[in-house]
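Biologist: Could you walk me through one part of this model up close? I'd like to hear about a single strand and what surrounds it.

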Amino acid sequence: MFFHLYRNLILLLLLAGATANLAVAKITCTNKYIRVLTNTRNSGSFLLKSSNQITQKKTINGNGKITGKITDKSTTRPIPGVTITVPDLKVSTSTDENGQYLLKGLPNGQYLIQVSMVGYASETKVVDLGNTYAVDFKLSASNYELSDVVVTALGNTTTRKRATIPIIVVTNKMIREGVANTAIDLVASQPGVNATTEGAGTTKPQINGLGFDRVLTLMDGLPQQDFQWGDDHGILIDPYAIHSAEVIRGPASLQYGASAEAGVISFKSAPLPQNGTVVGSVLTEYHTNNGYLGTSLNIAGNHNGFVWAFQASGEAAHSYSNPKDGYVWGTAWNQVNGRLVLGINKGWGYSRLTLSALHRRIELPDGNRDSTGRFMFDFPQNGKIYPTRSDFLSYNANIASDKILGEYQAWWQNSVNVGKGKIGFDIGFARSVHHDIDSGTVGASNLLLGDIPFNLKYQVAGERSGLKLTTGINGLYEFHRNGDAPPAPYVPDYAIPNYTDFEIGGYAIVEKNFKDLTLSGGLRFDRTDFVGDPMSLNGDGHIVLPGTPGSAVQFTSFNNKYSGLSGSIGASYHLPDNNYVKLNVSKSYRAPAINELTSNGLNIGSNLVNLGNIHLKAEQGYQVDLAYGYDSKNISVEADGFYNHISNFIFANRTDSLSDGFPIYQYLSTNTAIIQGVSGFLNIHPAAAKWLEIDNGFTYIYSRIPNETDSTKHLPYIPAPHLNSEVKFRFNDGHNSVFKESYIKFGLQHDWAQNNVYSAFYTELPSAQYTIFNAGIGTNVVNTKTGKTICAIYVNCTNLTNVAYTDHLNLAQYFLAYNGTPATVTQQNQGIYNMGRNISFKLIFPFGSNTNKTVSAE
């Protein structure tokens, strides 16, 4: 059935592609006009510009080259240091002291390029690199850097305003100026985005109230599977490898498959440099609260189209502290990561191979205390019952109840020009390792996961018609094996069986751009095949052959098949006077995850027992997103409302039973789950007061399960309503000042109380409201002769007044035990609180060289 459906789909797509190709008009370059497409009114619509704004130069060295000059629109003076990026190619350069730039040795084809500079509004233009052009930009002064940014997470490269569903962009500047322990920390404060945590290094993302297997996390397009369903460790991505991020809020399953039911977080590494250039940076960072030490080296080069990049980093933290708990025992962690990129850029396209290896070891708090509330060891260690100050301040995350995690990846990405379109082919391999440690290096649970993700995509765009087509096949083959059992007297833990999972889907997305209107729609069909092996255990908990006398069945064999359709149709419209609206209606589909189907054992990190349900049905959802925005030189505002109706919603329901003192959770499907909410931002950046910027982000989400009692009528773990506000004051740059781009900022985060909880059997507790205050300063130390940055300095203080608080999604608030015996938490203040006051210091030392002639000379 799948083959015939997809065959018919391909025939329709080929017909649409032919139509799009026929719609492409050939335009002859003359002295007056050139074939360059650009946007108007910041709307992303495309028009030809005359030669008084864009100047053509003589072709040099064939195709794939673009140059030009960037000036201040008001003063007409050249602007040095402007960044010019081709997001699809991950290549960038910057202007010289005369405001000129050069990009060459690029693949042929039509690409959207972005120009950005601190203190100016971003600009975008579409160029055809099949010819050589001089494309000039005139930038308008603005504090708001997100005025017209390029987004690629939707599969079709477009601008944020053109996208028909809400997209959040987290820029490199925002990442540099912020504070984070993990990759998810970099985006968790954005509207509509939250993080589930069990400690400083264990964040998992939420989008619009949904998380875990409903949120797809990507690193340079590679899906991060790494036991996504587990809540006791974070996403295995090095935060120092991330240059920028995009967040799709809402179903994005057309491009990425069923795992993107709630949305997508797309992390991106730094763009590769221009030909003949070697650039890099050294970063060092320290946090006062948990002693976090971070270092990172990044270096990249480009020699005649051969591109390479290398990144290595290390992070370590001891136990964090807060005013209520003091130092929290079991929250130390450390991590090392290495990443290498090798590739080529040619006229036919590009090919890149990324290799990475990440090793993380984290402690897991369990809340074990004595009657006075003092933290205790689960078992006496070296004759001690209580951790000492030296234990709290130790960076060795190797106590009982900790984890060793590994993520090893190879990712090969390719793009080949075919006529007016491009064919992309990506394939990779990822090995995820998960050891739950009893003592030292002995693992009670040893999970070994392998993934082979693949993606075949065809894209074509009509220059004059504004029609874009994207179609393809993607999916993954996944295989899991339980590792060897620990030696006696340790007892092994087998939480999920040995299994294989094959997922494949075919999709088609069509986009039509008019002057002020964008229409987008598409369909996708997915198929998932789970095959699980049987497992039997003897009295010591070791694997034996099924049917062995005295053995117990841990897992039965199973072969579950799921299939489903997803679709989307939406529009964005640019209204007069800088207003815009978006409307999108989508159908989502998600097959159950392996833990939801088969879990049978203690989740060591979460202090609970999970029981799967082999009879779960696939989730089917319908979501409506409606957004309104206004973007001017003084103010930018956007409000995004959504309504999500999901059938066969799957969640873990706490029962009234215990296993060795641990609560038992059973996965089930409720008939219907309804999630609705609103999120948005209000950013004030007065054109007449360039020294001031005020940013505000708000999120409110409400859930309900129809026809349920008061204790079960809300979905568990929906974030509390919250507001993030920040006021930034910029200092004027003196002409010969050593300090540039200096600022000071003050902010707050306010979370209201969350009383709409799934309270049956204390599954979830109401949370109290709280307000924490933040502050920060930053500057660049520059060489006054060359204007180059010597060092960037950032100092931030979070939770300035050292408030004792518990975030509603902090699962460690449910951890409580006495002398190693788990206890039921009946009040929020019985569990573990979030981190107290923290001051961070970050230094970044950039370096680089250009072996070419100056851009101006060329």
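Modeller: Here is a look at strand 20 and the core it belongs to. Keep in mind that this is a predicted model. Strand 20 covers residues 263–268 and is one of the elements that give two or more residues to the largest nonpolar core. That core has 36 residues, and two of those with the most contacts inside it, Ile265 and Phe267, go along with Val187 and Ile242 in that group. Other contributors of two or more residues include strand 17 (215–219), strand 19 (244–249) and strand 43 (635–659). Strand 43 supplies the largest share, four residues.

Now for the strand itself. Six of the six residues in strand 20 are buried. You can see that on both faces: Gly263, Ile265 and Phe267 sit on one side, with Val264, Ser266 and Lys268 on the other, and all are buried. So yes, a lysine and a serine are tucked in there too.

What does strand 20 pair with? Strand 17 runs parallel to strand 20, joined by five bridges, and Thr217 stands opposite Ile265. Strand 19 pairs with strand 20 in the antiparallel sense, over six bridges; there, Arg249 has Gly263 as its bridge partner.

Finally, zoom in on Phe267. Leaving aside residues up to four places away in sequence, Phe267 touches Ala183, Ile184 and Val187, then Thr217, Leu218, Met219 and Asp220, and also Ile237, Ile242, Ser244 and Ala245. If you go looking elsewhere, there is a second, separate core of 26 residues, which includes Leu283, Tyr743, Ala792 and Met835.

Key: Residues numbered from 1 in each chain as written. Predicted model: local features only at pLDDT ≥ 70, side-chain atom pairs only at ≥ 80, totals over all residues. Heavy atoms only, no water. Core = buried A, V, L, I, M, F, W, Y, C linked by side-chain atoms within 4.5 Å. Buried < 20%, exposed > 50% of the residue type's maximum accessible area, 1.4 Å probe, protein only. Contact = heavy atoms within 4.5 Å. Pairing = 2+ DSSP bridges.
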